[in-house]
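Student: I have a model open and would like to learn how to read it. Can you take me through it step by step?

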Amino acid sequence: MSASRLDLEMMARALRLAARGAYTTKPNPMVGCVVVRDGAIVGEGWHQRAGEAHAEVLALQAAGEHARGATAYVTLEPCAHTGRTGPCADALVQAGVARVVAAMRDPYPQVDGVGFDRLRAAGIAVEAGVMEAQARELNRAFFSRIERGRPWVRVKLGISLDGRTALESGESQWITSEPARADVHRWRARCGALLTGAGTVLADDPHLTVRLPDDTPFVAPLRVVLDPGLATVARGRVREGDVPTVYYHAPDAKPPRGFDAQRVAVSVRAGMLDLDAVLTDLAKREINEVQVEAGATLAGAFLKASLVDELLVYEAPTVLGDRARPMFDALDVETMAQRYAFRRLDVRQVGPDTRMILQPEPRA
C-alpha cells in the first residue's frame, strides 16, 4: 500500500521532531512521534534524553483522550521491552490508537519485530516503511552499532587549498576560521566519542571537549586516546573536567605510577593498534558514533583499513606548501586503480571556509 500525502507529511514532521534529539539521546536512537485524529495533529513528542520518556509516551500524553481511534506516526518501531522506561507498544495499545505508521523496523534485538507483533495482536493496524530511507539516515550511527557491531566513524579534517593539515613542524593552529571551529563543536556534540592519537596529544595537548552556547543541551562525548606506549599520559588537558577518557594501548605498555584514567590493552598489527578491536570495544560501551580528530598517520590508518564512513572536511582559502603535512599518510597508492574515491554529500560555506561532507566509494 502506497503512503498517502497525509502519511508522508506527518512522517516528515515526526522525523524533524526526532532530529531535535541529536545531541542528547545517545546511546538511544532519535525518535519522533505525531498523533493524528481526523486529519489534525492532537499530540506530538520526541525522545529527548536516554532514560527519559520515549517519543510515543510524550505524544500520547499530549493527545490525552484524543489518542483513542487516532493514528500514531513514529519514526522507529515502538519498543516492546522494559529498560529504563516501559514498552511503548503497550502504551499505544492502552491509549487505544487505531493505527500505527512506522518508518522502519528496529533492528535492536529486544525489539526487532516484537513491537509490531504486539500492536497487531491488540488489533491495531500497522504499516511500516514510510520514509524508511530518511529514517535510516537519521539514525545511521545507532544502526551501525547494532547491525555492524561498530560505531559510525567520521574523520574530521581542517585543510588548506593544497590539501595540507599542518606545517612540517606540526603547527596547525589555526588553518581554518573561527566559524569553522564553532561548527566542529556542533558535530562533536552529536558523537558518542572523540578519538585522537598520541601524536596529536603530544603536539597540541587538546581538551577534546564540546563547547556550545550555554543554553544548548548535550551529552558530552567520551574522550579516546590511541597511545600504544602510553607516552602521552603526562599531557593532562585531555583528562581535565568530568568527562571520562579512555586510553587504548599495546599489551606490553606500562602505565606510570598513579595513572588513574581508564585504559584498554589491544593487539598491535604492523606497528599500529588494532583499530577493529578499538571500535568493537567502543560499541560494547554503547558508542554509536566516533569522530576522529587526529593527524595524517591515524587518519590514514582508518582509511586504509576501510573503517571511514564519512569525511568532514573544512577547506580554508590558504596554501601551506609542499613541505606541509598531508591529509593521510601511508595509503600506498601507486596506480589510479588504487586511488580512494569519495562522493560529495554536502558542500557549503562556513565563514571564509568551505565545508564538505563526503562518503567513500566502494573500492575495487
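Tutor: Below we go from the whole chain down to single residues. One thing up front: this is a predicted model.

Student: Okay, whole chain first. What does the secondary structure come to?

Tutor: The protein has 10 helices and 18 strands. Its radius of gyration is 23 Å, close to the 21 Å that the globule rule gives for 364 residues, so the protein is as compact as a globular protein of that length. As for extents, the C-alpha trace spans about 70 × 45 × 45 Å along the principal axes.

Student: And how much of the protein counts as buried?

Tutor: Of the 364 residues, 51% count as buried. The exposed surface is about 17200 Å², with carbon and sulfur atoms supplying 49% of it.

Student: How do I read the contacts along the sequence?

Tutor: Take the contacts between residues at least 6 apart in sequence: 68% of them join residues at least 24 apart.

Student: What about charges? How far apart are the mean positions of the positive and negative ones?

Tutor: They are 1 Å apart, for 45 positive and 46 negative charges.

Student: Let's zoom in on a helix. What's the general idea there?

Tutor: An α-helix has 3.6 residues a turn, so residues three or four places apart point the same way. Now try helix α6, which covers residues 140-148.

Student: Which residues of α6 are buried?

Tutor: Arg140, Ala141, Phe142, Phe143, Ser144 and Arg145. Those buried residues pack against the helices α5 (132-138) and α9 (275-284), and also against β6 (152-159), β14 (289-292), β15 (310-315) and β18 (353-360).

Student: What sits at either end of that helix?

Tutor: Just after α6, glycine 149 takes a positive phi of about 75°. On the other side, asparagine 139 lies in the loop between α5 and α6. Asparagine 139 counts as buried, at 5% relative accessibility. Leaving out neighbours within four places in sequence, asparagine 139 is in contact with Pro29 and Met30.

Student: Now a strand residue. Where is threonine 165 found, and is it buried or exposed?

Tutor: Look in strand β7, residues 164-166. The cut-off for buried is under 20% relative accessible area. Threonine 165 has 17%, so it is buried.

Student: What does its side chain reach?

Tutor: The side chain of threonine 165 reaches the backbone oxygen of proline 326 at 2.9 Å. Beyond four places in sequence, threonine 165 touches Leu157, Gly158, Ile159, Ser172, Ile175, Arg325, Pro326 and Met327.

Student: Which residues does glycine 163 contact?

Tutor: Glycine 163 is in the loop between β6 and β7, and is buried with a relative accessible area of 17%. Setting aside neighbours within four places, its contacts are Arg325, Pro326 and Met327. For a sense of scale, the C-alpha atoms of glycine 163 and isoleucine 41 are separated by 50 Å, with their positions 122 residues apart along the chain.

Student: One last residue: how should I read phenylalanine 218?

Tutor: Start with its place: the loop between α8 (198-204) and β9 (222-226). Then its cover: phenylalanine 218 is partly exposed, with a relative accessible area of 26%. Finally its contacts, again without neighbours within four places in sequence: Tyr23, Thr24, Ala189, Val210 and Leu212. The C-alpha atoms of phenylalanine 218 and arginine 190 are separated by 8.1 Å, and these residues are 28 apart along the chain.

Technical notes. Residues numbered from 1 in each chain as written. Predicted model: local features only at pLDDT ≥ 70, side-chain atom pairs only at ≥ 80, totals over all residues. Heavy atoms only, no water. Helix = DSSP H or I, 4+ residues; strand = E, 2+ residues; numbered from the N terminus. Rg over C-alpha atoms; globule rule 2.2 N^0.38 Å. Buried < 20%, exposed > 50% of the residue type's maximum accessible area, 1.4 Å probe, protein only. Contact = heavy atoms within 4.5 Å. Areas by Shrake-Rupley, 256 points an atom, 1.4 Å probe, with all protein chains shown as cover. Lys, Arg positive; Asp, Glu negative; His and termini not counted. Charge placed at Lys NZ, Arg CZ, Asp CG, Glu CD. Polar contact = N/O pair within 3.5 Å; in protein donor to acceptor, adjacent residues only side chain to side chain.
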